[in-house]
Structure formats: structure tokens, C-alpha cells
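Student: I would like a close look at one part of this protein. Please take me through a single strand and its surroundings, residue by residue.

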Amino acid sequence: MLRWRNVGPFRGGRATAVAGIAAQPHVVYMGTTGGGVWRTDDAGMHWRNATDGFLDVGNIRAIDVADSDPRVVWVGAG
């Protein structure tokens, strides 16, 4: 049986972009309108801001994870 649950950070803003890793189904990146890029390692139970101190922009428009190396994440802002 499915239940509703919170899957996003409280302060991240609206989600504008989402990307995951096929080989790691619980890892998801989320771009937000006012809070940079967030990452979860447990399918959305807990989130951490992955861009604190790295990006001076708040509005994330696109995210992609490299197929060859999931440690490489591209972020488009604007």
C-alpha cells in the first residue's frame, strides 16, 4: 500500500529539474528555484544541499548525471 510522504527539503523552493543515477536508484538530484541543487541518497527521506558555497545562482534549470561517472553532475542555471 502506498502512503503520502514529504520528498523534498522544506527550504529548497519549487523543483525545476530532477536527475537520478540508474545504477543507484535511491540517489536523486533536485534543482530548485531558490536553493541550488539538493541530493538524496535514501530515495527522498533526507536531503542535503550539494551546492552550498559552489554556486552564486539560485535558479537551477537543468541537471544531468554523467553515464560514465556518476560523480560528475552538470547543472544549468539561468
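Tutor: What follows is a walk around strand β3 and the parts beside it.

The model is predicted. Start with the frame. The protein chain has six strands and zero helices. Along the sequence, the pattern reads β-β-β-β-β-β. Four of the strands make an open sheet, ordered β1-β2-β3-β4, with antiparallel pairing. β1 (15–21) and β4 are the edge strands; each has a single partner, so one side of each lacks a neighbour in the sheet. In that order, β3 sits between β2 and β4.

Now take β3 itself, residues 37–40. What covers its two faces? Val37 and Arg39 lie on one side, Trp38 and Thr40 on the other, and all are buried. Both faces of β3 are therefore covered, since each of these residues falls under the 20% cut-off for buried. In a regular strand, side chains alternate between the two faces of the sheet.

Look first toward β2. Four bridges join β2 to β3, and the two strands run antiparallel. Tyr29 is the residue that stands opposite Arg39 of β3. β2 covers residues 24–32, and Met30 is part of it. Met30 is buried, at 9% relative accessible area. Its C-alpha atom is 6.7 Å from that of Ala19, although the two are eleven residues apart along the chain.

Val27 ties several pieces together. Setting aside neighbours within four places in sequence, Val27 is in contact with Gly20, Ile21, Arg39, Thr40 and Asp41. Arg39 and Thr40 are the β3 residues we have just met on opposite faces.

Now turn to the other side of β3. Two bridges join β3 to β4, again antiparallel. Here Trp38 stands opposite Asn49 of β4. Asn49 has further partners through its side chain. A polar atom of that side chain lies 2.8 Å from the backbone nitrogen of Thr51. The backbone nitrogen of Asp52 lies 3.2 Å from a polar atom of the Asn49 side chain.

Back to Arg39, for its charge partner. Arg39 forms a salt bridge with Asp41, with the closest N and O atoms 2.7 Å apart. The two ends are covered to unlike degrees. Arg39 is buried, because its relative accessible area is 17% and the cut-off is 20%. Asp41 is partly exposed, at 44%. So Arg39 has Tyr29 opposite it in the sheet, touches Val27, and pairs with Asp41.

How many salt bridges does the whole structure hold? A full search finds two. The second joins the side chains of Arg71 and Asp69, at 3.1 Å from N to O. Arg71 is exposed, at 75% relative accessibility. Asp69 is partly exposed, at 21%.

Next comes the loop after β3. The loop runs between β3 and β4 (48–49), and Ala43 is in it. Is Ala43 buried or exposed? Ala43 is partly exposed, with a relative accessible area of 30%. Beyond its neighbours within four places in sequence, Ala43 is in contact with Arg5 and His26. Ala43 and Val27 are 16 residues apart in sequence, and their C-alpha atoms are 6.2 Å apart.

Now follow Val37 into the core. In soluble globular proteins, nonpolar side chains tend to be buried together. The largest nonpolar core here has nine residues: Ala17, Ala19, Ile21, Val27, Tyr29, Val37, Ile60, Ile63 and Val65. β1, β2 and β5 (60–65) each supply at least two of them. Several names now recur. Val37 belongs to the core and lies on the Arg39 side of β3. Tyr29 belongs to the core and stands opposite Arg39. Val27 belongs to the core and is in contact with Ile21, another core member.

Last, step back to the protein chain. Of its 78 residues, 29% count as buried. The chain exposes about 5600 Å², with carbon and sulfur atoms supplying 55% of that area. Among contacts between residues at least 6 apart in sequence, 30% join residues at least 24 apart.

To recap the close-up: β3 has four bridges to β2 and two to β4. Both of its faces are covered. Arg39 is buried and bridged to Asp41.

Definitions and conventions: Residues are numbered from 1 along each chain as its sequence is written. This is a predicted model: local features need pLDDT of at least 70, side-chain atom pairs count only at pLDDT 80 or more; totals for chains, interfaces and linings use all residues. Side-chain values use heavy atoms; hydrogens and water are left out. Buried means under 20% relative accessible area, exposed over 50%, partly exposed in between (1.4 Å probe, protein chains only). Contact means heavy atoms within 4.5 Å. A polar contact is a pair of N or O atoms within 3.5 Å; within protein, one must be able to donate a hydrogen and the other to accept it, and residues adjacent in sequence count only if both atoms are side-chain atoms. Two strands pair if DSSP finds at least two bridges between them. A salt bridge is a side-chain nitrogen of Lys or Arg within 4 Å of a carboxyl oxygen of Asp or Glu. A nonpolar core is a set of buried Ala, Val, Leu, Ile, Met, Phe, Trp, Tyr and Cys residues joined through side-chain atoms within 4.5 Å. Accessible areas come from the Shrake-Rupley method with a 1.4 Å probe; for residues, only the protein chains shown count as cover.
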